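Colleague: Can you walk me through this fold? I'd like to see how the strands and the cores fit together.

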Amino acid sequence: MEIDWDELRAAAYAAMGKAYAPYSRFPVGAASWDGEAISTGCNVENASYGLGLCAECVLAGNQRIRSGARLIAVSVCDSRGAILLPCGRCRQVLYEFGGKELLVDHPAGPVPLGELLRDAFGPDDLAAGRT
Ligand code: THU
């Protein structure tokens, strides 16, 4: 399936413009493509610093509402529109909804999430070890 990375990057940049980041002053935008819809998220910080939400977490919730289909591609950017790689926690959040095949935008070209989060813990591990 064709992925329009330019459109995805533009959607991430537009979402970045909605960020609430008065504490870090580091606005982030994220956008996903799932074959049905583009979904977006921005970081949403809090006066209680540790409660801040990353753009990818906000994206995950929005994408559930908008489509809920398996994630195919994700792009994340900073205030300049430069590509950002998701933080460790967000890689795990994205893994839940896209698995290792999910393509993550990267300055050197999109990479599968499995390369950014090798040997990830996931839903299959829970199914296997449950008593
Ligand atoms: N941030 C994200 O939104 N996504 C990431 O993958 C990395 C960091 C946000 C969290 C915080 O609001 C700001 O960037 C500075 O760390």
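Modeller: Sure, here are the strands first and then the cores.

It's a predicted model, where local features need pLDDT of at least 70, side-chain atom pairs count only at pLDDT 80 or more, and totals for chains, interfaces and linings use all residues. Residues are numbered from 1 along each chain as its sequence is written, and side-chain values use heavy atoms, with hydrogens and water left out.

Colleague: How many residues of strand 1 (residues 29-33) are buried?

Modeller: Strands here are DSSP runs (E, at least two residues; helices are H or I, at least four), numbered from the N terminus. Buried means under 20% relative accessible area with a 1.4 Å probe, protein chains only. Strand 1 is largely enclosed by the rest of the structure, because the buried count among its five residues is four.

Colleague: Which residue of strand 3 (residues 73-77) stands opposite Trp-33?

Modeller: Two strands pair if DSSP finds at least two bridges between them. Strand 1 and strand 3 run antiparallel and are joined by five bridges. Opposite Trp-33 you'll find Ala-73.

Colleague: Which residues touch the most other members of the largest nonpolar core?

Modeller: Such a core is a set of buried Ala, Val, Leu, Ile, Met, Phe, Trp, Tyr and Cys residues joined through side-chain atoms within 4.5 Å. This one has 14 residues, and helix 2 (55-66), strand 3 and helix 3 (88-98) each give two or more. The ones touching the most other members are Val-74, Leu-94, Leu-102 and Leu-113.

Terms used. Buried < 20%, exposed > 50% of the residue type's maximum accessible area, 1.4 Å probe, protein only.
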